[in-house]
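Opening the notebook on a new model today. I'll go through a few helices and single residues and jot down what I find.

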There are 2 protein chains.
Amino acid sequence: MAKKITIYDLAQKLNISPATVSRSLNDHPAISQKTKDKVLSVAKETGYRTNKFAANLSKQKSNTIGVIVPKLNSIFMSTVLSGIEKIANNFGYNLVISQSLESQEKEKLNAKTLFDSGVDALLVSLAYETDDYDHFTTYTDRKIPLLFFDRVCDLPNCPTISIDNEAAGYDATQHLIKNGCQNIVHISGSLKRNVYAGRLEGYKKALYKNKFPVKPENIIESDLNIGQVKEFVARIKASEQKVDGIFVSNDTFAANCIKELIKEGFRIPEDIKVIGFNNDPVSEVISPSLSTIEYPGYKMGILAGQSIISHLSGSINIQSADQILIKHKLIARESTQI
Amino acid sequence: MAKKITIYDLAQKLNISPATVSRSLNDHPAISQKTKDKVLSVAKETGYRTNKFAANLSKQKSNTIGVIVPKLNSIFMSTVLSGIEKIANNFGYNLVISQSLESQEKEKLNAKTLFDSGVDALLVSLAYETDDYDHFTTYTDRKIPLLFFDRVCDLPNCPTISIDNEAAGYDATQHLIKNGCQNIVHISGSLKRNVYAGRLEGYKKALYKNKFPVKPENIIESDLNIGQVKEFVARIKASEQKVDGIFVSNDTFAANCIKELIKEGFRIPEDIKVIGFNNDPVSEVISPSLSTIEYPGYKMGILAGQSIISHLSGSINIQSADQILIKHKLIARESTQI
């Protein structure tokens with residue numbers, strides 16, 4: 001890289017004092033417009049770079065917000081990030097984004113790296129694996145705002161943004177029951193995570209309410225990796241009591257199940273009704289189209305961004321908010337209705 | 001935020017000199033392990049934060065890489081980002097990610113913000129709209145490494161990473177012709193962008209080579225917004241000469257076309273054969289499954305990350321590389337073969 005241009009270089013070039021250069025760059029009222037224009041023009045010409053690092057250092061602010069997501073290449077997560085970025089960008093914040101790749105170790109490392117780079121706040125959606133939260137105490141101890149979204153945990157003074165996963169799981173299961181299903185399988189992600197644990201609770205609640213038994217063999221905890229679809233469909237095929245409904249905790253897995261079930265000779269929705277989760281684009285494209293729960297990821301991202309920035313600017317104190325819930329919605333399509 | 005803890009605070013607390021604190025934190029050999037342990041323990045206890053900003057300032061390095069993508073909520077882009085992040089993370093770089101939302105104005109603003117925050121390098125995939133590149137001269141003038149990926153442009157000393165879009169467009173069209181298509185429509189994105197312009201060139205080349213006429217009415221430039229699928233299918237339906245093949249520049253639009261064409265009574269692939277681009281998950285889920293061109297986004301992200309970091313560490317000079325091409329692959333599925 002070329003040698004850095006400083007305000008002293010500009011001062012020398014313009015034959016004025018460094019203080020005048022500095023004031024001009026900061027649009028100080030005591031400096032004439034003519035001088036400001038001259039300084040700006042030479043600054044641009046020489047490639048002078050406003051030293052935000054130095055400025056931030058003295059203000060103890062970096063104007064960056066750290067984000068840790070489980071993985072970037074998920075349509076749901078990238079929709080949330082798109083909302084967060086929009087707000088951050090509008091308010092002049094930079095977004096430093098990292099992924100835990102579902103590993104607790106990587107999440108710890110990311111939290112430390114972001115802490116050391118001086119982020120003003122941290123937004124986190126937890127990895128599948130994470131079951132201890134000590135890596136966040138460096139933030140909470142220093143009162144650096146920490147907000148969890150989607151995959152959240154219960155830490156003091158850390159607000160969370162999510163949907164009511166239990167209510168959503170209840171709605172999905174109730175929808176299958178209303179459409180005639182009597183033996184419903186639930187395919188869940190890691191039950192360490194609130195999102196999946198909540199949806200399972202909702203599934204159980206709907207069964208209880210309809211006086212259906214909750215059978216352990218009907219609850220499958222998995223990592224929702226589509227490599228497992230074949231194995232899962234084989235299990236459905238082999239099950240003693242005919243399965244007539246499936247509630248899957250994400251759309252991609254659900255859509256691939258439909259495809260495999262059809263290949264195995266099942267008619268959807270006549271033989272088995274299937275409902276997914278998230279309302280990903282894939283849910284509209286699959287035939288029959290997939291009933292699902294709309295999880296408004298973009299809206300969640302916008303809200304997460306707004307909350308953290310309002311907190312940083314002092315206009316609200318999010319640490320007094322405990323849980324922010326956003327609305328989900330059942331979307332009934334062909335895969336559950338004859 | 002609480003008052004920042006400095007090495008002076010630690011020194012006072014431990015009753016040792018600030019220099020000893022600093023050396024302990026930097027694992028200096030002259031300091032005993034016992035002292036180091038004591039310093040580290042108090043540093044942790046008080047929430048002392050390694051001042052990377054200050055350290056970076058003196059090194060004129062921020063250890064951050066800026067990225068501008070057209071939009072975050074695209075499965076292809078988030079796959080590329082996932083690859084870039086993996087490499088950046090491995091090498092201790094932070095990734096500051098922003099989206100242009102396909103707007104030239106926003107892209108300019110993002111480039112400026114990232115420049116001002118002192119990124120060590122910039123990776124860009126261009127917005128639909130962009131047709132002047134002056135906003136990148138602040139980088140090139142200061143010799144800050146600038147690399148374009150996927151949607152690239154031709155700037156001096158700025159290497160690009162992409163596939164050979166012309167060859168890929170040729171392969172897609174040739175595949176349709178080989179399977180019997182004689183009147184092929186091409187649905188393209190903005191022709192300002194190399195990726196779409198290249199694919200169109202390949203389409204034309206395949207037609208020429210097979211002595212088919214290139215008809216302007218068969219080339220549709222669009223923004224590939226799925227809201228336009230209905231209108232486009234109506235146009236196919238109304239076309240004087242029967243359309244028997246469609247080459248679409250992305251999979252999401254292609255999959256939605258298939259769905260709409262079937263709704264309108266066309267049989268795929270018997271009446272019309274369809275091929276997409278990217279090999280997004282949607283291409284496997286749609287029925288019939290969608291033939292497509294595999295664009296290895298993750299691999300591109302890995303390569304972009306490795307190139308820029310090797311350049312920053314001085315092990316290669318990417319500015320001498322002009323164009324880095326990665327391999328695409330035709331994936332033939334049900335939508336093009338009877």
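Before the helix cap, the rule I'm using: a polar contact is a pair of N or O atoms within 3.5 Å, where, within protein, one atom must be able to donate a hydrogen and the other to accept it. Also for the record, this is a predicted model.

**Entry 1: helix H8 of chain A**

I started at the N-terminal end of H8(A), which is capped by A:Asp164. A side-chain oxygen of A:Asp164 sits 3.3 Å from the backbone nitrogen of A:Glu166, so the pair falls within the 3.5 Å limit.

Next I checked the length of the helix, residues 165-178. At 1.5 Å a residue, its 14 residues should span 20 Å, and I get 20 Å between the end C-alpha atoms, so the two agree.

Which residues of H8(A) are buried? I noted A:Asn165, A:Ala168, A:Gly169, A:Tyr170, A:Ala172, A:Thr173, A:His175, A:Leu176 and A:Ile177. After the helix comes A:Gly180, with a positive phi near 100 degrees.

**Entry 2: H1 against H3 in chain A**

I then looked at how H1(A), residues 7-14, packs on H3(A), residues 33-46. Their axes are 10 Å apart and the angle is about 120 degrees, which makes H1(A) oblique to H3(A). The crossing is right-handed.

From H1(A), the residues that meet H3(A) are A:Leu10, A:Lys13 and A:Leu14. On the H3(A) side I listed A:Lys38, A:Val39, A:Val42, A:Ala43, A:Glu45 and A:Thr46.

**Entry 3: H2 against H3 in chain B, and a threonine**

Over in chain B, I took H2(B), residues 18-25, and H3(B). The axes come within 9 Å and cross at roughly 90 degrees, so H2(B) is roughly perpendicular to H3(B). B:Thr20, B:Val21, B:Ser24 and B:Leu25 of H2(B) meet B:Thr35, B:Lys36, B:Val39, B:Leu40 and B:Ala43 of H3(B).

B:Thr46 belongs to H3(B), residues 33-46. Which backbone oxygens lie by a polar atom of the side chain of B:Thr46? I found that of B:Val42 at 2.9 Å and that of B:Ala43 at 3.3 Å. Leaving out residues up to four places away in sequence, B:Thr46 touches B:Ile5, B:Leu10 and B:Lys13, plus A:Arg142 from chain A.

**Entry 4: three buried residues**

Is A:Lys106, in H6(A) (residues 104-116), buried or exposed? Buried: its relative accessible area is 15%, and the cut-off for buried is under 20%. Neighbours within four places in sequence aside, A:Lys106 is in contact with A:Gln99, A:Ser100 and A:Leu101, and also with B:Glu85 and B:Asn89.

I found A:Ile268 in the loop between H11 (251-263) and S9 (273-275) of chain A. A:Ile268 counts as buried, at 9% relative accessibility. Beyond residues up to four places away, A:Ile268 touches A:Ile258, A:Leu261, A:Ile262, A:Val274, A:Pro288 and A:Ser335. I also checked A:Ile268 against A:Ile324: 56 residues apart in sequence, 36 Å apart C-alpha to C-alpha.

Last, B:Ser289, in the loop between H12 (282-285) and S10 (292-294) of chain B. B:Ser289 is buried at 7%. Again without residues up to four places away, B:Ser289 touches A:Lys259 in chain A, together with B:Ser283, B:Glu284, B:Arg333, B:Glu334 and B:Ser335. From B:Ser289 to B:Asp150 I get 25 Å, C-alpha to C-alpha, with their positions 139 residues apart in sequence.

Notes. Residues numbered from 1 in each chain as written. Chains lettered and ligands numbered in written order. Predicted model: local features only at pLDDT ≥ 70, side-chain atom pairs only at ≥ 80, totals over all residues. Heavy atoms only, no water. Helix = DSSP H or I, 4+ residues; strand = E, 2+ residues; numbered from the N terminus. Buried < 20%, exposed > 50% of the residue type's maximum accessible area, 1.4 Å probe, protein only. Contact = heavy atoms within 4.5 Å. Expected span 1.5 Å × (residues − 1). Axes fitted to C-alpha atoms, helices over the stretch in contact; angles between N-to-C directions. Parallel < 35°, antiparallel > 145°, perpendicular 65-115°, else oblique. Left-handed = near helix turned anticlockwise from the far one by under 90°.
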